[in-house]
Amino acid sequence: MHKGLAIYPGSFDPTTNGHLDLIERGAKIFEELVVAILRNSEKSPMFSVAERLEMLRELTSDLKNVRIDTFDGLMVEYAKSLNATCILRGIRAISDYEYELQMALMNRKLEPTLETVFMMPADKYSYVSSRLVREVAQAGGPVKGLVPEIVEQRLRHKLEPAYKFHDEMYQVEPEVPSGREKKRKKKS
Ligand code: PNS
């Protein structure tokens with residue numbers, strides 16, 4: 001186990017099973033892991049910071065060396081304030097690499113003593129992202145298996161009208177034969 005504290009920063013809007021997988025892996029490697037939710041994100045979030053904090057706390061309550069926090073401003077400044085030695089980030093596919101490399105190098109420029117450590121979540125989550133989960137859920141689609149159960153429930157609650165619409169649209173109606181089909185049935 002690596003002595004010291006690592007930070008896993010992100011938006012977590014919402015937490016996916018891929019995030020959780022990475023938190024569990026990180027908790028095995030680092031003495032202490034702080035999952036840090038960015039507060040001043042420009043995007044209009046689906047879940048408030050308070051909601052994301054609450055969900056992540058519940059989801060990680062059994063991991064004794066994991067703490068959930070929020071931060072504002074530069075991530076490296078926040079990391080320094082905690083005396084963190086590492087930043088943990090997940091890489092799912094090559095497409096993540098360019099953005100993550102840029103961010104890691106910029107963070108290194110800002111604070112050369114902080115190392116970024118990349119880990120891969122389980123391959124079954126390699127296509128799961130918060131953005132896609134939001135997109136599917138907003139259209140009333142199923143997100144079971146992609147996010148933890150409590151997140152799924154909260155999504156359903158938040159997006160009740162979308163799910164209601166989707167459930168009604170895809171309800172299998174008993175088939176009513178058309179006029180021509182009725183005639184054909186009579187003939188045969
Ligand atoms: O989950 P995300 O949205 O990919 O996380 C991105 C995050 C929060 C890690 C990144 O945007 C960040 O660290 N923002 C804080 C501001 C900062 O330090 N910017 C410079 C990073 S190069």
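A polar contact here is a pair of N or O atoms within 3.5 Å. I keep that cut-off at hand for the ligand entries below. The model I am reading is predicted.

**Entry 1: the ligand's polar partners**

I began with Arg89. One of its polar side-chain atoms lies 3.0 Å from an oxygen atom of the ligand. That distance is within the 3.5 Å cut-off, so I log the pair as a polar contact. Next I looked up Ser11. An N or O atom in the side chain of Ser11 is 2.6 Å from a ligand oxygen. Met75 came third. Here the partner is a polar backbone atom, 2.8 Å from an oxygen atom of the ligand.

How much of the ligand does the protein bury? Taken alone, the ligand exposes 540 Å², and the protein buries 76% of that.

**Entry 2: the shell and the pocket**

I listed the residues around the ligand. There are 14 of them, and the closest are Ser11, Lys43, Gly73, Met75 and Arg89. The ligand takes up the space of the largest pocket. Which elements give two or more residues to the shell? They are strand E1 (2-10) and helix H4 (94-110). H4 provides the largest share of the shell, 4 residues.

**Entry 3: the whole chain**

I stepped back to the fold. The protein chain holds 8 helices and 5 strands. Read from the N terminus, the order is β-α-β-α-β-α-β-α-β-α-α-α-α. The chain has 188 residues, and 41% of them count as buried. Its accessible surface is about 11900 Å², with 54% belonging to carbon and sulfur atoms. I also checked contacts by sequence separation. Among contacts with a separation of 6 or more, 76% join residues 24 or more positions apart.

**Entry 4: the loop after E1**

I looked at backbone angles in the loop between E1 and H1. Phe12 sits in this loop. Its phi is positive, about 50 degrees, although Phe12 is not a glycine. I noted this because most residues other than glycine have a negative phi, and most peptide bonds are trans. Is Phe12 buried or exposed? It counts as buried, because its relative accessibility is 2% and the limit for buried is under 20%.

Pro14 lies in the loop between E1 and helix H1 (17-29). A cis peptide bond joins Asp13 and Pro14, with omega about 0 degrees.

**Entry 5: Ser130 and the cis proline**

From Pro14 I followed a contact to Ser130. The side chain of Ser130 reaches the backbone oxygen of Pro14 at 2.8 Å. Ser130 itself lies in helix H5. What does Ser130 touch, not counting residues up to four places away in sequence? The residues are Asp13, Pro14, Thr16 and His19. So Ser130 touches both residues of the cis bond. Ser130 is buried, with a relative accessible area of 13%.

**Entry 6: Thr70 in strand E3**

I then turned to Thr70. It is placed in strand E3 (residues 66-71). At 14% relative accessibility, Thr70 counts as buried. Its side chain makes a polar contact with the side chain of Arg39 at 2.6 Å. I set aside neighbours within four places in sequence and listed the rest. Thr70 is in contact with Ile37, Arg39, Val49, Leu53 and Tyr78. Arg39 therefore appears twice in my notes on Thr70, as a polar partner and in the contact list.

**Entry 7: Asn83, another positive phi**

Asn83 lies in the loop between helix H3 (75-81) and strand E4 (86-90). Its phi is near 60 degrees, a positive value in a residue other than glycine. Is Asn83 buried or exposed? Asn83 is exposed, because its relative accessible area is 64% and exposed means over 50%.

**Entry 8: Ala139 and Lys164**

My last look-ups were two exposed positions. Ala139 lies in the loop between helix H5 (130-138) and helix H6 (149-158). It counts as exposed at 52% relative accessibility. Ala139 and Phe165 are 26 residues apart in sequence. In space, their C-alpha atoms are 8.9 Å apart.

Lys164 lies in helix H7 (residues 160-169). It is exposed too, with a relative accessible area of 51%. Lys164 and Gly140 are 24 residues apart in sequence and 7.5 Å apart in space, C-alpha to C-alpha.

Definitions and conventions:
Residues numbered from 1 in each chain as written. Predicted model: local features only at pLDDT ≥ 70, side-chain atom pairs only at ≥ 80, totals over all residues. Heavy atoms only, no water. Buried < 20%, exposed > 50% of the residue type's maximum accessible area, 1.4 Å probe, protein only. Polar contact = N/O pair within 3.5 Å; in protein donor to acceptor, adjacent residues only side chain to side chain. Contact = heavy atoms within 4.5 Å. Areas by Shrake-Rupley, 256 points an atom, 1.4 Å probe, with all protein chains shown as cover. Near = heavy atom within 4 Å. 1 Å grid on protein atoms, 1.4 Å probe; cavity = no way out; pocket = protein on both sides within 12 Å on 5 of 7 lines; lining within 4 Å. Sits in = over half its atoms within 2 Å of the grid points.
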